[in-house]
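Welcome! Below are some short exercises, each with a worked solution, to help you find your way around a protein model. Keep the structure open as you read.

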Amino acid sequence: MKPAPLRLLFVLLVIVAGWFGVSRLDFDVDPLSLLPQELPGLQGTRLLREQKRDLLLIAVQADDPALVEVTAEALAEHLASKPELCASVRSKSLLQSDPAIIAEVVAYLWLNAPPKEVAKLTSSLDAASLSALLTQAKETAGTSLDLQNATMSGYDPLGLARGAMQLLSGGADMSSMMSDEFSSADGTLRLLFVTPPGKALADYRAANAWLTQIKSEVREHWLPQQGELTGVKIGFTGDPAFQAEIATGMEGDMRQSIGAVTFIVGFLFWLLHRSVKPLFWLLLAILCANLITLGTAGVIYGALNVMSMGFAAILTGLIEDFGVVGLHVAREHPGESFASIRRRVQPGVAWSAVSIAGIFAMLGLSQLPGVAQLGVLSALGVLIGAAVMLFGFLPLGMKAGKIKEHQGSTNIALKMQSVMGWLVGIGLIAATVVLIAQGLPKMDFGSAVLRPDKSEAFDVFEDIEKRMMDTNSEPGRNIPLIFAANDATALRQSIITAQGVLKTDEVESHMLPLALVPDAEAQKANLTVLQSLAQREDTLRQAVDAAGFTEVAFALTQNVFKQWREWTTTKPTLPLWPKPVVLENLGGIVSEHEEHGWMALGSLRLAAGRDVEKAAVLHALEKIPGAHPAGWAFLRTSLEPLLKREILRVCVPTAAIAILLFFLVFHGWRERGFAFLVLAASGWILLGGMSAFGLTWNLMSVGAVPLCLGLGLDFTIHVMHALREPGMTRERVAALGRSLAYCGLSTGLAFGALATGSNRGLITLGMTAMIGVLTVLITAAFALPWLWFRRQERATA
């Protein structure tokens, strides 16, 4: 078979194999996937998100509290009537919900209570104590300034519900906490908690489709029909909204970036070579290299995290210059065979590919999965790309026809050398001034880096936090606690152990859901006692009526007794868990998950003046099996020491590899000195540019560092390889600089396209990479030869 059909067959096989690998890939947009699994607080934060991942929050806001309440109730009723759109809708706290559900909660809490608490209850309801209890309840109902307490006393004269709430909260005022769950203190904000049907959240595309349906139903169909609801604002937030906005936004940004890369590569290549055929083969080679790399990633990882999504742009910028430099050499030696040109090009390409791959491979040592995956993927991609360009693109590009070139472009590049040399000097001075005035770029390793620049979900969430949080509360003092275990015994043990740890002056208060986790021994002992109490229903009703309470005052107690008698009759298997409807109305404090078993949500509040970073109680809780402090406030305390360890773990080996490469790649101290100046000057200008534009080091922008270092070495190696050739002239080096300018401009501008996107992380990555790549290009391709020849001229003068 002839070579051309063989190459075509090879390309088709590469595309098919690559596509197969890509089809196996999932893209993980969870910011937690960028952090090491053993990071303190990570497991708890992930479990916390998992527990709430299905809840969509709908915020109803208006200046009139009465209008807000009417709107929220009407909207909840409308959505509840559409089971194909919403599996469930909660708009009221437990104390405002169906009396039957309240009765089930109260009945279960007493069934699961410590037997000594049940003994206190029966003692308070005996003949000797009952009269005093009812008298006190009637006085509270008539005179208490606390409206909620007065109402509860009127509907719960025997204290069953109030006692149950105390059991649930561990002594804290749980009822007030529940009533505030859905409404702001001034009543101008009400929340609806919506659960999607079936597999509406199977992936981010499904989540986005479901969210679009919900928004359309509410804003375009329901709200316009409610003419009297003027001035009402309805917003959407929660994990489904975050997932949909972040993922679809990043998908759009990456699609935009790929389109921009293709256009920029094509346009600049045409300006440089004025030929279409080599451009076609170049783009095909880049596609093949990307597909082979992605296919390899599909086999190795199976999923790419959000940081690695940008590797395609990195890879395009790193490998395209291998092909362009090959064409440049072929143009300078017309008539030579492919084998001859390959021998000329191969040393520079090989050293460049090995150097860049070595730098990226060192990132594989990182404890940050996002950085490690990006490094390994890029290292593989560079080696694969170098081979594809050298053995696939170069022979096809050489046979694509005569490559036209305008001499004027070389003259322009020659003049640019001195201009760019002075520009680098000015850039160094400017960067120094900026860094002295504003300091080094700040570090920001929070989750906000992944939020869209314009986001309804984040804006609504921040507004809810602001309006519903205690204004006197110090930020960061409230820490969520999540407990997970496969069975009730292990879950209870974890919570009980945590209770002992929380008895410290570091903690102001805490809430642990121990009362909802089944205790088989307590349930067995209490069931008989509660049955006996339920048998006194008629006597207790008569006492309540005689005390002067209304007819409805005994309704709740009657439903509780009914539930106790039902359990006695059916004799359920112990330990007995609360019914799903009960857990749902309690806000998911306890829930069951296929992957994590049973989960329970609690919280602690650090004492005033206590710093999260120095709270030993949080690290003590982490040592308890199944107990996990959660939230970004706690995660941040572990990130800073982690990053310090990263310096030793990644930067030291990277520096060692870079030094080794300096000695292997560059000949003599003069070449090594010039190469060091290129990288040092580029890095200093990059820091100054980041500080000037207010860019931070975050979980995304750190990916620009190996890219800039790799391109810096790449460009410097090509230029040095040319400069050491005998008889090399300024014009020939300028022509090479023009070719490298094509590579650097296409890469830098492609990353600049990311800066026009919607995601904050990609914007900072794009801006940082663009500044770094263009600086490296100017310094290595233009300033370096200018300085080199000036030194030669002075030496011969």
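**Exercise 1.** Find out how many bridges join strand β2 to strand β4, and which way the two strands run.

*Solution.* Start with β2 (residues 56–61) and β4 (residues 189–195): six bridges join them, and they run antiparallel. Before going on, note that this is a predicted model, where local features need pLDDT of at least 70, side-chain atom pairs count only at pLDDT 80 or more, and totals for chains, interfaces and linings use all residues. Residues are numbered from 1 along each chain as its sequence is written, and side-chain values use heavy atoms, with hydrogens and water left out. Helices (H or I, at least four residues) and strands (E, at least two) are DSSP runs, numbered from the N terminus, and two strands pair if DSSP finds at least two bridges between them.

Next, look at single partners. Leucine 56 faces valine 194 in β4, while leucine 57 has phenylalanine 193 of β4 as its bridge partner.

**Exercise 2.** Work out the order of the strands in the sheet that holds β2.

*Solution.* Step one: β2 also pairs with β5, again in the antiparallel sense and over six bridges. Here isoleucine 58 sits opposite phenylalanine 236 of β5. Step two: put the strands in a row, and you get an open sheet of four with the order β3-β4-β2-β5 and antiparallel pairing. Its edges are β3 (88–90) and β5 (233–238), each of which pairs on one side only. Step three: on average, neighbouring strands of this sheet are turned by 25° against each other, direction ignored. Such angles run from 0 to 180 degrees between N-to-C directions, and axes are lines fitted to C-alpha atoms, for helices over the stretch in contact.

**Exercise 3.** Is β2 enclosed or open, and which helices pack around the sheet?

*Solution.* Begin with burial: buried means under 20% relative accessible area, exposed over 50%, and partly exposed in between (1.4 Å probe, protein chains only). Six of the six residues of β2 are buried, so the strand is largely enclosed by the rest of the structure. In a regular strand the side chains alternate between the two faces of the sheet. In β2, Leu56, Ile58 and Val60 are buried on one side, and Leu57, Ala59 and Gln61 on the other.

Now add the helices, taking contact as heavy atoms within 4.5 Å. Helix α10 (residues 204–222) packs on the sheet and touches β2, β4 and β5; its direction makes about 170° with that of β5. Helix α17 (residues 456–468) lies across β2, β4 and β5, running at about 100° to β5.

Finally, pick threonine 71 in helix α3 (residues 65–80). Its relative accessibility is 0%, so threonine 71 counts as buried. Leaving aside neighbours within four places in sequence, threonine 71 is in contact with Val60, Trp222, Leu229 and Val232.

**Exercise 4.** Describe how helices α20 and α21 meet.

*Solution.* The axes of α20 (residues 537–546) and α21 (residues 555–570) come within 11 Å and cross at roughly 175°. That makes α20 roughly antiparallel to α21 (angles under 35 degrees count as roughly parallel, over 145 as roughly antiparallel, 65 to 115 as roughly perpendicular and the rest as oblique). On the α20 side are Glu537, Leu540 and Arg541, which meet Gln558, Phe561 and Arg565 of α21.

**Exercise 5.** What stands out in the backbone at lysine 571 and proline 575?

*Solution.* Most residues other than glycine have a negative phi, and most peptide bonds are trans. Lysine 571, in the loop between α21 and α22, has a positive phi near 50°. With 68% relative accessibility, lysine 571 counts as exposed. Proline 575 is placed in the loop between α21 and α22 (580–585), and a cis peptide bond with omega of about 5° joins leucine 574 to proline 575.

**Exercise 6.** Which residues touch the most other members of the largest nonpolar core?

*Solution.* A nonpolar core is a set of buried Ala, Val, Leu, Ile, Met, Phe, Trp, Tyr and Cys residues joined through side-chain atoms within 4.5 Å. Of the 87 residues in the largest one, the answer is Leu35, Leu282, Phe322, Met389, Phe666, Phe715 and Tyr742. Helix α28 (residues 760–796) gives the largest share of this core, twelve residues.
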